[in-house]
Amino acid sequence: MRTVYVNGEYLPENEAKVSIFDRGFLMADGVYEVTSVLGGKLIDFEGHAIRLSRSLNELDMRNPISKDDLLEVHRELVRLNEIDEGLIYLQVTRGSDGDRDFAFPDPETTEPTIVLFTQSKPGMADSPAAKKGAKIISIEDIRWGRRDIKTVQLLYPSMGKMMAKKAGCDDAWMVEDGFVTEGTSNNAYIVKGNKIITRALSNDILHGITRAAVLRFAKEAQMEVEERNFTIDEAKEADEAFTTSASAFVMPVVEIDGVALGDGKPGRIAPRLREIYLDEMRKAAV
């Protein structure tokens, strides 16, 4: 039985409740963050806190908690649930004024809803999947235009995961106007020679916290990084490919739409970046 956090209270998970009129439930009017825990410490908490504030600002939603208090809640949930390796999920919604309406409720009288819970995932850093590599399919990207806001509107990414599963694969990369945007829950990269290629930041993709760290470490390791659009056909001809996310860190990609990359095994760059990322982020964990 986990202890969760709901609107200022630590509760057993079976006692946690939010209103059926909450706009997160009715309208997907909410944002979220997922922070990894390694060795009982938080990975890149600062980056997630900054992105949370940005998402809330973009939706004109009030932040119900200070960064210092949010850090304390994260740490307390890690302690109460004895998390060594795992995740902390955070969601903030516009709350509920007691009924359903398309118009936003008055922020002066309606408190946002904030919930957090943990997921224990032993062995997350030493994942066998990262040694094997992921197989992906490509699908059309039909999401809304503000993918830079980390909202809880995750129906199509969930459908994409299921399309991949049905095809016997692990994930899907989404394609818009002929170019890869991102994975269903991760940023996408290809490697040609010693050059790492990934789509530039815009409203079209999520501004990944892990993405920012990995690209910084890549440049510090004297790897060349090019931020530009690339196609699925270009990806199929790449030497290797990978994704980044807070929950999977750096995940090698070994197959795209049935075409093996290289020898069909993780290449040289992605495993090295995963190693660097985990080493450096463990040092900086709080």
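Helices α6 and α8 lie roughly perpendicular to each other in this predicted model, because angles of 65 to 115 degrees count as roughly perpendicular. Their axes cross at roughly 105° and come within 10 Å, with α6 spanning residues 209-220 and α8 spanning residues 269-284. On the α6 side the contact is formed by T210, A213, V214, F217 and A218, which meet L273, I276, Y277, E280 and M281 of α8. By class, eight residues of this contact are nonpolar, one is polar and one is charged.

Helix α6 also takes part in the largest pocket, to whose lining it supplies at least two residues. The volumes of the pockets and the cavity, with the element that gives most to each lining, are set out below.

| Space | Volume | Leading element | Citation |
|---|---|---|---|
| Largest pocket | about 910 Å³ | α5, six residues | |
| Second largest pocket | about 360 Å³ | β7, three residues | |
| Largest cavity | about 30 Å³ | α2, four residues | |

The largest pocket is lined by 38 residues, and those closest to its centre are Y32, K150, L154, T184 and S185. Strands and helices both contribute: at least two residues each come from β3 (30-38), α2 (45-58), β5 (86-93), β6 (113-120), α5 (155-166), β9 (179-183), α6 and β13 (240-245). The lining comprises 16 nonpolar, 15 polar and seven charged residues.

Around the second largest pocket there are 22 lining residues, with A129, A134, D170, A248 and M251 nearest the centre. Two or more residues come from each of α4 (128-132), β7 (134-140), β8 (171-176), β13 and β14 (249-256). Strand β13 thus appears in this lining and also in that of the largest pocket. In the second largest pocket, nonpolar and polar residues number eight each, and six residues are charged.

One cavity of 30 Å³ or more is counted. Its lining consists of E33, T35, F45, H48, A49, L52, L70, H74 and L90. At least two of these residues are supplied by each of β3, α2 and α3 (67-80). Five of the lining residues are nonpolar, three are polar and one is charged. Both β3 and α2 contribute to this cavity, and both also supply residues to the lining of the largest pocket.

Note on methods
Residues are numbered from 1 along each chain as its sequence is written. This is a predicted model: local features need pLDDT of at least 70, side-chain atom pairs count only at pLDDT 80 or more; totals for chains, interfaces and linings use all residues. Side-chain values use heavy atoms; hydrogens and water are left out. Axes are lines fitted to C-alpha atoms, for helices over the stretch in contact, and angles run from 0 to 180 degrees between N-to-C directions. Angles under 35 degrees count as roughly parallel, over 145 as roughly antiparallel, 65 to 115 as roughly perpendicular and the rest as oblique. Contact means heavy atoms within 4.5 Å. Ala, Val, Leu, Ile, Met, Phe, Trp, Tyr, Cys and Pro count as nonpolar, Asp, Glu, Lys and Arg as charged, and the others, Gly among them, as polar. On a 1 Å grid over the protein atoms alone, a cavity is a set of points where a 1.4 Å probe fits but cannot get out, and a pocket is an open set with protein on both sides within 12 Å along at least five of seven lines; lining residues have an atom within 4 Å of a point. Grid points are joined across faces, edges and corners, and a volume is the space filled by probe spheres set on the points.
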